[in-house]
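Me: I am new to this structure and would like a close look at a single part of it, taken slowly. Please take the sheet and what surrounds it, and begin with the buried cysteines.

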Amino acid sequence: MSQTPDHTQDRGADDSPVRVTIVLPCYNEQDHVLDEVKRISSAMDASGYGYELLAVDDASTDDTLARLRDAEALYPHLRVIAFGHNGGSGTVRRVGSQRARGEFVVWTDADMSYPNERIPELVAMLDQDPETDQVVGARTQEMGSHKALRVPAKWVIRKIAEGLTGTRIPDLNSGLRVFRRDVARPYLRLLPPGFSCVTTITLAFLSNHHPVRYVPIEYATRAGTSKFHFVKDAYRYILQVLRMVMYFNPLKVLMPPALTLLGIGAAKFVFDQVRNPLYIPNNTVMILMTGLIIAAIALLADLIVRSREGA
């Protein structure tokens, strides 16, 4: 993949500096992608911000790419990038963010579910608040498929993430957000190819103490067919939460079970000595040794993280 271009003040068709890059993943969105491009372009044209709209076609099997190509002549800020094979929404967002010229990068979807007319509002919030590094549109309702399963599953995953990061997270995997490109740049390589990329960028910011602001947004029923697979993607979300917290703060993940095992082992050792002095059962030894091993791994992992941060 090409490297991120130099952060120069490139100019668009209206001679405005490019301050905002909107990354729009497109996969089989032929029936509504032009409506989304029009909605985003109209909002940004009225905002006064210089911008570019990167519409990345992720090897669509319908006419999405052809319609985007035709639209380039009508929308001077639109740039179309075509993938030769399907890389996933995470790959699209990573490549788009790496190629971004704006100092603010916006992620959203092309399925008409997010209020993209509010993108200038979110950008202005970030622009006017130097203490904030990311603004996330927190959905006030769940409109996806498998709602009866998604809502409790997402709640559990979100609570795990909140416990591990020590931060309240109203919406862990919202697809509408804006962040500072320079702050996000070191974490782009960590993005997985699938839907959990939005979870990853949230956890990366929170784990490194980059302030994140949440703004309530309405969430509409998506147009077209959902690409979300409940079992597979929920499993990936959980793994990604644990992976990201392990990457930045392994003590949060490993030390609680280590201390729990050591506490259980110590209590059992006392009980064993009261019941049968000078005799230590094998299971007591195993519990204590397992706790010590996990604690040692946690400390070693934390040392690696600290040495990496200082490199």
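Reply: This is a predicted model, and a careful start can be made with two cysteines. Cys26 has 0% relative accessibility and therefore counts as buried, since the cut-off for that word is under 20%. Cys197 also stands at 0% relative accessibility, so Cys197 counts as buried too. As for disulfides, the count in this model comes to zero.

From here we can turn to the sheet. It is an open sheet of seven strands, and reading across it gives the order E3-E2-E1-E4-E6-E5-E7, with mixed pairing. Strand E3 (78-82) and strand E7 (212-217) are the edge strands, each of them pairing on one side only. On average, and with direction ignored, neighbouring strands of this sheet are turned by 20° against each other.

The pairing can be followed strand by strand, beginning with strand E1 (residues 20-26), which runs parallel to strand E2 (residues 51-57) and is joined to it by seven bridges. Within that pairing, Val20 has Tyr51 of E2 opposite it. Helix H3 (residues 89-98) packs on the sheet, where it touches E1, E2, strand E4 (104-107) and strand E6 (177-180), and the direction of the helix makes about 155° with that of E1.

E1 is also joined to E4, by four bridges, and these two strands run parallel. Val20 appears here as well, with Phe104 as its bridge partner in E4. E4 is in turn joined to E6 by four bridges, but this pair runs antiparallel, and Phe104 stands opposite Arg180 in E6.

E4 deserves a pause, for both of its faces are covered: Phe104 and Val106 on one side, and Val105 and Trp107 on the other, are all buried. Trp107 leads on to the largest nonpolar core, which has 38 residues and in which Trp107, Leu172, Tyr187, Ile201, Phe205, Tyr214 and Val241 touch the most other members. Helix H7 (residues 197-207) supplies the largest share of this core, namely seven residues. For Phe205, when its neighbours within four places in sequence are left aside, the contacts are Asp133, Gln134, Phe179, Val183, Ala184, Tyr187, His210 and Val212. Val106, by contrast, is found in a second, separate core of 32 residues, which also includes Val20, Leu53 and Ala110.

Methods:
Residues are numbered from 1 along each chain as its sequence is written. This is a predicted model: local features need pLDDT of at least 70, side-chain atom pairs count only at pLDDT 80 or more; totals for chains, interfaces and linings use all residues. Side-chain values use heavy atoms; hydrogens and water are left out. A nonpolar core is a set of buried Ala, Val, Leu, Ile, Met, Phe, Trp, Tyr and Cys residues joined through side-chain atoms within 4.5 Å. Buried means under 20% relative accessible area, exposed over 50%, partly exposed in between (1.4 Å probe, protein chains only). Contact means heavy atoms within 4.5 Å. A disulfide is a pair of cysteine sulfur atoms within 2.5 Å. Two strands pair if DSSP finds at least two bridges between them. Axes are lines fitted to C-alpha atoms, for helices over the stretch in contact, and angles run from 0 to 180 degrees between N-to-C directions.
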